[in-house]
Amino acid sequence: MGHGIMMELAHFPLLSRYAECMMWLARYMERMENLARLLEVTETFVRDAEGQTAWDSIVSINSDENLFSRLHPDGTSADAVPFYVTEIGNPGSIRSMAHAIRENARAVRPLVSTELWTHLNVFTRWLLELDETSVQTSSLSGLCGRIRQECQTHYGIAEGTLYRDQAWLFYRLGKHLEGCDQITRLVDIRYHMLLPQGEVPGSAIDITQWTSVLRSAAAHHSFRRLRPVTVTPANIVGFLLKNEGFPRSLSSNLRQIDDVLSLLANHAGLYGLCAPLQECLDELRTTLSDQTAGDIILRGLHDYMSWVQTRLASTQNAIADTFWPSVPTAVTQVALQVQE
């Protein structure tokens with residue numbers, strides 16, 4: 001697209017579909033990186049009661065039990081690997097997400113840099129060519145490692161080249177919404193899977209297995225910097241949910257979402273649209289800051305994580321209803337203004 005057309009686009013409203021596609025581009029990239037890390041860590045560290053790799057835990061984390069059973073009625077937990085790497089019938093597989101990323105990037109081609117488009121084009125083409133030989137146990141770690149590195153390369157290119165307009169803000173909004181979703185799912189399922197039956201919160205734990213929780217969130221190094229000796233379920237849960245210095249924590253992601261909404265609110269005509277979204281977010285942040293990790297666990301970690309998940313889903317739906325309703329309104333058309 002020529003420079004003249006790009007300059008012309010900068011003076012027109014950011015289309016609702018552009019905002020939606022930028023958000024989902026970021027969400028799928030964040031989801032893919034988390035899935036690749038989860039597969040890699042599970043293959044290396046996570047074992048069930050019989051000492052076998054607990055692949056079924058990934059199905060639980062992603063709430064895919066019904067879909068998995070439908071596609072693999074006689075399958076075993078080992079079928080979870082191809083289910084999450086190459087299964088076209090699973091919209092949450094790496095191949096399916098690669099297709100979604102490619103289509104969203106294509107839709108916002110006028111808004112992304114040449115460097116970002118080139119990287120996404122090469123990366124997604126490689127992912128779409130994955131087949132059954134790509135999910136062998138002997139090659140899974142290398143595959144997942146490359147996917148993580150490519151996702152991180154994407155973030156670096158996006159950070160360094162995307163123009164700081166509303167499209168960038170919706171990209172950030174998607175990335176941090178997905179970060180909230182992923183960390184709450186991980187904490188909820190892994191905590192209850194690893195806590196021994198009949199044990200109370202805070203009892204003796206398997207350090208190796210709990211370390212896998214930190215590794216699944218790319219949090220092991222950061223956690224050990226702050227807590228070089230004490231490893232307890234409460235400390236790990238508290239770090240992943242409440243630590244503001246860890247960029248993947250629930251608290252940090254919620255703060256980033258609030259910051260993005262504040263920036264959007266400063267654009268002409270958007271304050272009234274963003275205020276209700278920030279009020280919903282304030283409720284989440286307040287309940288998190290007002291409780292210790294021990295309080296959350298004793299009052300019911302699963303119930304609280306389920307409530308957070310519900311609120312996050314409501315926030316996503318509210319964002320969609322506000323900025324890209326099924327029947328566009330006049331205020332939507334003038335609200336999203338690309339700044340040159």
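**Close-up views of a helical protein**

**View 1. Q278, a residue of helix 14, counts as buried because its relative accessibility of 13% falls under the 20% cut-off.** The model shown here and in the other views is a predicted one. The side chain of Q278 is joined to that of S262 by a polar contact of 2.9 Å. Once its neighbours within four places in sequence are set aside, Q278 is in contact with D258, L261, S262 and A265. Of the residues in helix 13 that are buried, D258, L261 and A265 are among them, and each of these three is in contact with Q278.

**View 2. Helix 13, spanning residues 250-265, is shown with the helices that pack against its buried residues.** Its 16 residues reach 22 Å from the first C-alpha to the last, which is close to the 22 Å expected at 1.5 Å a residue. The buried residues of helix 13 are L250, S251, S252, N253, L254, I257, D258, V260, L261, L264 and A265. These buried residues pack against helix 9 (166-194), helix 12 (233-242), helix 14 (271-289) and helix 15 (293-323), and helix 14 is the element in which Q278 of the preceding view lies.

**View 3. Helix 9 is largely enclosed by the rest of the structure, since 24 of its 29 residues are buried.** At 1.5 Å a residue, the 29 residues of this helix should span 42 Å, and the end C-alpha atoms are indeed 42 Å apart, in agreement with that expectation. At the start of helix 9, a side-chain oxygen of D165 comes to within 3.1 Å of the backbone nitrogen of A167. Helix 9 is also one of the helices against which the buried residues of helix 13 pack.

**View 4. Helix 9 and helix 12 pack with their axes 10 Å apart and at an angle of about 170°.** Because this angle is over 145 degrees, the two helices are described as roughly antiparallel to each other. The residues that meet across the pair are I183, V187 and Y191 from helix 9 and P233, V237, L240 and L241 from helix 12.

**View 5. L143, placed in helix 8 (residues 137-161), is buried, with a relative accessible area of 8%.** With neighbours within four places in sequence left aside, L143 is in contact with V85, W126, L130 and S134. The C-alpha atom of L143 is also separated by 8.8 Å from that of E40, although the two residues are 103 residues apart along the chain. For the protein as a whole, residues 24 or more positions apart account for 68% of the contacts with a separation of 6 or more.

**View 6. The loop between helix 3 (56-61) and helix 4 (65-71) holds S63, as well as N62.** A polar atom of the side chain of N62 lies 2.9 Å from the backbone oxygen of I58. Beyond its neighbours within four places in sequence, N62 is in contact with L38, Y84 and R185. S63 has a phi near 55°, a positive value in a residue other than glycine. At 48% relative accessibility, S63 counts as partly exposed.

**View 7. A218, in the loop between helix 10 (207-216) and helix 11 (220-226), has a phi near 55°.** This is a positive value in a residue other than glycine. Most residues other than glycine have a negative phi. A218 has a relative accessible area of 37% and is therefore partly exposed.

**View 8. Helix 6, residues 94-107, is shown with its buried residues.** The 14 residues of this helix should span 20 Å at 1.5 Å a residue, and its end C-alpha atoms, being 20 Å apart, agree with that value. The buried residues of helix 6 are I94, S96, M97, A98, A100, I101, R102, N104 and A105.

**View 9. The whole protein, with 16 helices and zero strands, gives the setting for the close-ups.** Buried residues make up 53% of its 340 residues. The accessible surface of the protein comes to about 15300 Å², and 52% of that surface belongs to carbon and sulfur atoms.

Technical notes: Residues are numbered from 1 along each chain as its sequence is written. This is a predicted model: local features need pLDDT of at least 70, side-chain atom pairs count only at pLDDT 80 or more; totals for chains, interfaces and linings use all residues. Side-chain values use heavy atoms; hydrogens and water are left out. Helices (H or I, at least four residues) and strands (E, at least two) are DSSP runs, numbered from the N terminus. Buried means under 20% relative accessible area, exposed over 50%, partly exposed in between (1.4 Å probe, protein chains only). Contact means heavy atoms within 4.5 Å. Accessible areas come from the Shrake-Rupley method with a 1.4 Å probe; for residues, only the protein chains shown count as cover. The expected span of a helix is 1.5 Å times one less than its number of residues. A polar contact is a pair of N or O atoms within 3.5 Å; within protein, one must be able to donate a hydrogen and the other to accept it, and residues adjacent in sequence count only if both atoms are side-chain atoms. Axes are lines fitted to C-alpha atoms, for helices over the stretch in contact, and angles run from 0 to 180 degrees between N-to-C directions. Angles under 35 degrees count as roughly parallel, over 145 as roughly antiparallel, 65 to 115 as roughly perpendicular and the rest as oblique.
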